[in-house]
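Biologist: Before we discuss anything, could you put the sequence and the structure on the screen, so that we can go through the details with both in view?

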Amino acid sequence: MADKKEFMTYKGKPLVRCGNELYYGSMDEPYVIHLVVKSTKDVNGLKVADKVAIQLMATDPDLSPRKQIVKSSEKAGLFLAMDIAEAWLRKALKTAQANKAN
């Protein structure tokens, strides 16, 4: 039996990075966040994210890629981007759960 790979988490949700792209959330849930680091800057010899694009995306595979994008924005810095991403995801999942209960 294969070992189950554990992902790094942020506020209890998986956070997966591949190059300049990050996915926050679980593909088993109705929504995830897609972040793209558009530019970096040098701070004391360390590269840090400067401009980060954020997209709240529906995970429904039947939707076209354009319709999967529910909300998008661009923020200065990864901290601010993750802060808004977490709020968007929490609200979207709460709304989806409420709609499912009705």
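Biologist: Let us begin with R90: with the side chain of which residue does the side chain of R90 meet in a salt bridge?

Modeller: This is a predicted model, so every value I quote is computed from its coordinates. Opposite charges on side chains can pair when the charged atoms come close. In this case the distance from N to O is 3.2 Å, and the partner of R90 in the salt bridge is E86.

Biologist: By about how much of the helix are R90 and E86 separated?

Modeller: Both residues belong to helix 2, which covers residues 78-101. Because R90 and E86 are 4 residues apart within that helix, their separation comes to about one helical turn.

Biologist: Is E86 buried or exposed?

Modeller: The cut-off for burial is a relative accessible area under 20%. E86 has a relative accessible area of 12%, and therefore it counts as buried.

Biologist: Staying in helix 2, where K91 also has its place, is K91 buried or exposed?

Modeller: A residue has to be over 50% in relative accessible area to be called exposed. K91 reaches 59% relative accessibility, so its class is exposed.

Biologist: How many Å apart in space are K91 and K11?

Modeller: Along the sequence, K91 and K11 are 80 residues apart. Taken from C-alpha to C-alpha, their distance in space is 14 Å.

Biologist: How many salt bridges does the structure hold, and which residues besides R90 and E86 meet in one?

Modeller: The structure holds 2 salt bridges. Apart from the pair in helix 2, there is a salt bridge with an N to O distance of 3.2 Å, and its side chains are those of K13 and E29.

Biologist: Which parts of the chain does that pair link?

Modeller: K13 and E29 are 16 residues apart, and the pair links distant parts of the chain. K13 counts as partly exposed at 22% relative accessibility, and E29 counts as partly exposed at 24%. The parts that they link are strand 2, which holds K13, and, for E29, the loop between strand 3 (21-24) and strand 4 (31-43).

Biologist: Strand 2, residues 13-18, also contains V16; with which residues does V16 make a nonpolar surface patch?

Modeller: V16 is partly exposed, at 32% relative accessibility, and patch members need over 30%. The nonpolar patch has an area of about 260 Å², and the residues that make it together with V16 are F7 and Y23.

Biologist: Turning to V70 in strand 6, residues 69-76, which residues is V70 in contact with once its neighbours within four places in sequence are left aside?

Modeller: V70 has a relative accessible area of 47% and is partly exposed. Y31 lies 39 residues from V70 in sequence, while the C-alpha atoms of the two are 9.1 Å apart in space. With those sequence neighbours left aside, the contacts of V70 are Y31, L56 and A58.

Biologist: Finally, what pattern does the protein chain follow when read along the sequence?

Modeller: The chain has 102 residues, of which 28% count as buried, and its C-alpha trace spans about 50 × 40 × 25 Å along the principal axes. Its secondary structure comes to 2 helices and 6 strands. Read along the sequence, these elements give the pattern β-β-β-β-β-α-β-α.

Technical notes:
Residues numbered from 1 in each chain as written. Predicted model: local features only at pLDDT ≥ 70, side-chain atom pairs only at ≥ 80, totals over all residues. Heavy atoms only, no water. Buried < 20%, exposed > 50% of the residue type's maximum accessible area, 1.4 Å probe, protein only. Contact = heavy atoms within 4.5 Å. Patch = residues over 30% accessible without salt bridge, like charges linked within 9 Å, V, L, I, M, F, W, Y side chains within 5 Å. Areas by Shrake-Rupley, 256 points an atom, 1.4 Å probe, with all protein chains shown as cover. Salt bridge = Lys/Arg side-chain N within 4 Å of Asp/Glu carboxyl O.
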